[in-house]
Amino acid sequence: MDDLREKYLGLISDAADEATVEDLRVQALGKKGEISLKMRELGKMDPEERKTAGPALNALKEEVNSAIMARKTAFADAALEERLKTEWLDITLPSRPERRGTIHPISQVWEEVTAIFADMGFSVAEGPQIETDWYNFDALNIPGHHPARAEMDTFYMHRAEGDERPPHVLRTHTSPVQIRSMEKMGAPLRVICPGRVYRADYDQTHTPMFHQVEGLAVDTEISMANLKWCLEEFVKAFFEVDDVELRFRASHFPFTEPSAEVDIRCSWDKGQLKVGEGDDWLEILGSGMVHPKVLAAGGIDAEKYQGFAFGVGIDRIAMLKYGIPDLRAFFDSDLRWLRHYGFSSLDQPGLVGGLSR
Ligand code: PHE
């Protein structure tokens with residue numbers, strides 16, 4: 001047994017590769033291996049002899065086996081080490097120079113607007129694009145035959161024949177999310193609601209699908225002054241200038257009283273749009289103090305609370321900020337346009353790092 005131990009332990013430690021170790025395992029411990037055959041001889045021994053030979057043989061088998069395992073592990077580790085040396089990758093290298101895709105200006109502006117209002121304490125709320133006429137109209141103080149329904153060029157969804165319920169609509173504005181937010185969160189409340197909206201309209205500054213961001217602040221001491229301050233701060237932060245000329249025009253929305261539309265000074269020169277100078281005005285948002293009936297529809301005590309609300313056209317302000325003359329191009333999926341006006345996916349807008357770089 002001592003001979004066997006010495007022989008195999010020596011051969012195992014001298015083995016040059018894993019295959020040799022495997023051969024040695026078969027030679028010693030395989031079905032017809034030297035040590036295995038010795039174990040079979042145990043049966044022929046008398047009981048006394050077996051008492052000492054049995055445990056000794058088992059110990060030998062164990063010892064040889066673990067020497068084999070250890071040697072195999074050592075070879076595997078060395079092979080892995082070798083592989084890691086050839087397969088290493090310098091992850092500090094710059095990524096491929098060619099740009100594959102870009103962030104769409106709408107997505108970029110959506111993030112910019114969210115960053116600005118988040119800084120003023122507004123959280124983000126969302127609602128469905130297919131709405132009931134209750135949320136899109138009635139709850140916003142636009143009853144059945146109100147002319148505002150027609151003015152909005154609403155897309156109505158089809159109902160099955162004989163189904164008398166009013167049809168669902170593609171929401172014409174993000175204002176229904178005002179009602180949903182009031183129902184869900186109650187007062188006080190400060191949310192913005194960005195999203196897609198739909199109206200049957202098509203020209204240089206209108207597309208059937210476009211984007212708005214709704215703002216809503218409800219509390220016990222909210223006034224028109226708060227609204228004006230928030231919008232001015234927003235516009236300055238968004239256009240990244242110290243002064244932007246805004247025009248608050250008295251207006252009418254069924255869901256706000258009083259109401260104001262806000263225009264921004266701009267110029268169109270040979271199709272180029274510039275903000276802050278010129279003799280033109282582009283309407284960018286509607287706003288006002290939330291109508292008490294709307295607060296009530298959202299389950300809020302209109303005796304105790306007031307609120308302001310506004311709805312900004314995301315596409316409109318994207319056109320203005322980035323000098324994009326035709327709204328329709330936003331949705332043409334023209335790769336050259338997307339490469340020209342798109343943003344790097346690594347430039348996430350934030351107030352600290354800057355909105356647009
Ligand atoms: N919902 C209005 C629109 O789409 C905008 C608006 C929102 C006006 C909130 C006042 C208050 O035209």
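Is His173 buried or exposed in this predicted model? His173 counts as buried, because its relative accessibility is 3%, under the 20% cut-off. The views below start from this residue and move outward.

**View 1. His173 sits in a loop and faces two polar partners.** The loop that holds His173 runs between β3 (169–170) and α8 (176–185). One partner is the ligand: a polar side-chain atom of His173 lies 3.0 Å from a ligand nitrogen. The other partner is Asn136, whose backbone oxygen is 3.1 Å from a polar atom of the His173 side chain.

**View 2. Side chains of His173, Arg199 and Gln212 make polar approaches to the ligand.** For His173, the ligand atom is a nitrogen, at 3.0 Å. Arg199 places a polar side-chain atom 2.8 Å from a ligand oxygen. In Gln212, an N or O atom of the side chain is 2.9 Å from an oxygen of the ligand. The protein covers 92% of the ligand's accessible area, which is 320 Å² for the ligand on its own.

**View 3. The ligand occupies the largest pocket.** Which elements give two or more residues to the shell around the ligand? They are β5 (209–219), β9 (280–290) and β10 (306–313). The largest share, 3 residues, comes from β10. In total, 14 residues surround the ligand. The closest are His173, Ser175, Arg199, Gln212 and Glu214.

**View 4. A cis peptide bond joins Ala187 and Pro188.** Omega is about -5° at this bond. Pro188 lies in a loop. That loop runs between α8 and β4 (189–198).

**View 5. A cis peptide bond also joins Glu257 and Pro258.** Omega is about -5° here. Pro258 belongs to a strand, β7 (residues 256–269).

**View 6. Asn141 has a positive phi.** The value is near 65°, in a residue other than glycine. Asn141 is placed in the loop between α6 (133–136) and α7 (147–151).

**View 7. Ser333 has a positive phi and is exposed.** Its phi is near 55°, again in a residue other than glycine. The loop around Ser333 connects α11 (314–322) with α12 (335–341). Why does Ser333 count as exposed? Ser333 has a relative accessibility of 57%, so it passes the cut-off of over 50%.

**View 8. Ala115 and Gly350 meet across a long stretch of sequence.** The two residues are 235 apart in sequence. In space, their C-alpha atoms are 5.8 Å apart. Ala115 is part of helix α5 (residues 105–119). Ala115 is buried because its relative accessible area is 18%, under the 20% cut-off.

**View 9. The chain is divided into two parts, domain 1 and domain 2.** Domain 1 spans 2–86. Domain 2 spans 105–341. How many ångströms separate the C-alpha centres of domain 1 and domain 2? The C-alpha centres lie 79 Å apart.

How values were computed:
Residues are numbered from 1 along each chain as its sequence is written. This is a predicted model: local features need pLDDT of at least 70, side-chain atom pairs count only at pLDDT 80 or more; totals for chains, interfaces and linings use all residues. Side-chain values use heavy atoms; hydrogens and water are left out. Domain bounds come from an automatic or database domain assignment. Helices (H or I, at least four residues) and strands (E, at least two) are DSSP runs, numbered from the N terminus. Buried means under 20% relative accessible area, exposed over 50%, partly exposed in between (1.4 Å probe, protein chains only). A residue is near a molecule or strand if one of its heavy atoms lies within 4 Å of it. A polar contact is a pair of N or O atoms within 3.5 Å; within protein, one must be able to donate a hydrogen and the other to accept it, and residues adjacent in sequence count only if both atoms are side-chain atoms. Accessible areas come from the Shrake-Rupley method with a 1.4 Å probe; for residues, only the protein chains shown count as cover. On a 1 Å grid over the protein atoms alone, a cavity is a set of points where a 1.4 Å probe fits but cannot get out, and a pocket is an open set with protein on both sides within 12 Å along at least five of seven lines; lining residues have an atom within 4 Å of a point. A molecule sits in a cavity or pocket if more than half of its atoms lie within 2 Å of its grid points.
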